[in-house]
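Trainee: Could we go through this structure together, one question at a time? I would like to see how each answer is reached.

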Amino acid sequence: MGRKYPGVEPKRNTSIQISFQYQGKRCRECLKLEPTPNNLRRASLFRAQVVEAIKQGTFDYAVSFPGSKNARLMPRQVDLNDPFIMDYMRMWLDKKELELKSSTYRVYRAIIENQIIPQLGMIRLKDLRRSDVRDWVSQLDISNKQISNIVSPLRCALQEAVQDDLLETNVLKGWQYKKYEPPKQSKIDPFTAKEQRAILEALNEQARNFVQFALWTGLRISEQIALTWDDIDFDRKRIHVNKAKTFAADAPEPPKTKAGVREVTLLPPAQEALERQLEFTGELEDRTIFHNPRQKRPWKDDQDVREYMWKPGLKKAGVRYRYPYQTRHTYASMMLSAGEPLAWVSKQMGHSTVIITASTYAKWIPSCESELGMKAVELFNKK
């Protein structure tokens with residue numbers, strides 16, 4: 001077969017491989033055709049068209065082989081006035097690299113390369129319709145929030161295309177796809193006082209300090225592992241939260257919102273944990289407070305904490321497993337159920353508004369129904 005059709009050969013029972021030279025490299029691509037005599041002839045004719053297009057300088061790798069890894073590696077001619085979605089999204093992301101946090105840039109790149117381009121990449125920018133996006137995302141078996149995250153970079157890129165006069169309108173402006181989702185059970189599942197004691201008793205030294213600090217500050221794990229000793233004001237009893245360390249970033253980055261930059265009150269149990277931790281990391285050059293004691297290095301991200309310390313700790317304590325983020329929920333529920341002011345708790349948590357705190361933790365806000373309204377009666381009903 002190979003002699004009859006040069007550069008064409010069967011590849012397994014369901015595909016045919018063709019090979020050709022392009023830009024000094026030997027390229028191989030598989031066609032999803034059963035290697036029958038007739039299909040081998042068709043593959044040979046297709047290969048001949050590819051070879052001729054290469055000679056004429058009109059070959060477009062991505063058009064001939066959409067989805068091929070080689071298409072991303074080979075330079076191609078891009079019509080800047082009438083680009084494909086795949087070209088425009090990559091150019092847009094290149095321009096945004098300096099504007100975005102590195103973690104956001106990585107997430108956008110993954111969405112563009114793994115989601116948007118495989119589905120919409122070969123549509124011309126000017127030909128994209130809302131129905132193209134709706135037909136695509138409606139088939140995804142993911143939540144509405146995940147769909148929104150996937151569509152977000154595309155919507156932003158289209159808006160910039162309008163500003164650059166490549167498009168007259170952004171077909172996704174003001175539009176969101178939402179499918180029916182049954183009500184979800186609350187993910188807020190704080191640890192009881194008994195569970196907290198069991199966890200702390202099961203942990204040793206640095207791990208115990210880490211969890212005790214988390215329970216009494218409400219910091220996100222990504223915020224806590226980014227803390228340095230310079231962020232602690234023992235005199236004023238304040239914690240300066242101004243950065244976070246996530247799996248998608250090479251170094252700590254500022255919080256996502258302005259409210260995330262905040263001062264958190266250093267309560268006695270949290271201060272006690274820090275004072276014990278001074279023995280382990282107080283004199284280290286990198287100034288990071290919390291380290292992975294097994295590997296003697298700062299924690300890399302929340303997944304690192306979960307695998308090396310959190311899961312083994314809960315198992316040893318005999319406490320039902322919950323994600324480490326529940327330490328944050330535990331803090332909020334303790335503060336509110338004890339009667340601490342809602343506005344103060346909201347600020348400690350780094351929420352942008354009190355409404356978020358109230359709606360999230362409403363069940364833990366005490367309500368003395370028999371006394372409601374009596375303060376106003378006493379103040380204004382004097383005779």
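Trainee: Which residues of H1 are buried?

Mentor: This is a predicted model, and what we say about it is computed from that model. A residue counts as buried when its relative accessible area is under 20%. By that cut-off, the buried residues of H1 are Asn 39, Leu 40, Ala 43, Ser 44, Val 50 and Ala 53.

Trainee: Which strands do the buried residues of H1 pack against?

Mentor: In general, an α-helix has 3.6 residues a turn, so residues three or four places apart point the same way. In this model, the partners of the buried residues of H1 are strand E1 (8-11), strand E2 (15-22) and strand E3 (25-31).

Trainee: How far does H1 reach from its first C-alpha to its last?

Mentor: Helix H1 runs over residues 37-56 and has 20 residues. At 1.5 Å a residue, a span of 28 Å is expected. The reach in the model is close to that, at 29 Å.

Trainee: Which strands stand at the edges of the sheet that has the order E4-E5-E6?

Mentor: The sheet is open and has three strands, with antiparallel pairing. An edge strand has a single partner strand, so one side of it is left without a neighbour in the sheet. The strands placed like this are E4 (232-233) and E6 (262-265).

Trainee: Which residue in E6 stands opposite Arg 238?

Mentor: Strand E5 covers residues 238-241, and E5 and E6 pair in the antiparallel sense over four bridges. Opposite Arg 238, in E6, stands Thr 265.

Trainee: Why does Cys 30 form no bond with the closest cysteine sulfur?

Mentor: A disulfide needs two cysteine sulfur atoms within 2.5 Å, and the structure holds zero disulfides. For Cys 30, the closest cysteine sulfur is in Cys 27, and it is too far for a bond because the distance is 13 Å.

Trainee: Which residues are the closest to the centre of the largest pocket?

Mentor: The largest pocket has a volume of about 2000 Å³. Its lining is made up of 41 residues, and the closest to its centre are Lys 145, Asn 149, Lys 256, Asp 302 and Tyr 325.

Trainee: Which helix gives the most to the lining of the largest pocket?

Mentor: Several helices each supply at least two residues of the lining, among them H7 (144-163), H12 (302-317) and H13 (326-337). The helix that gives the most, with five residues, is H5.

Technical notes: Residues are numbered from 1 along each chain as its sequence is written. This is a predicted model: local features need pLDDT of at least 70, side-chain atom pairs count only at pLDDT 80 or more; totals for chains, interfaces and linings use all residues. Side-chain values use heavy atoms; hydrogens and water are left out. Two strands pair if DSSP finds at least two bridges between them. The expected span of a helix is 1.5 Å times one less than its number of residues. Buried means under 20% relative accessible area, exposed over 50%, partly exposed in between (1.4 Å probe, protein chains only). Contact means heavy atoms within 4.5 Å. On a 1 Å grid over the protein atoms alone, a cavity is a set of points where a 1.4 Å probe fits but cannot get out, and a pocket is an open set with protein on both sides within 12 Å along at least five of seven lines; lining residues have an atom within 4 Å of a point. Grid points are joined across faces, edges and corners, and a volume is the space filled by probe spheres set on the points.
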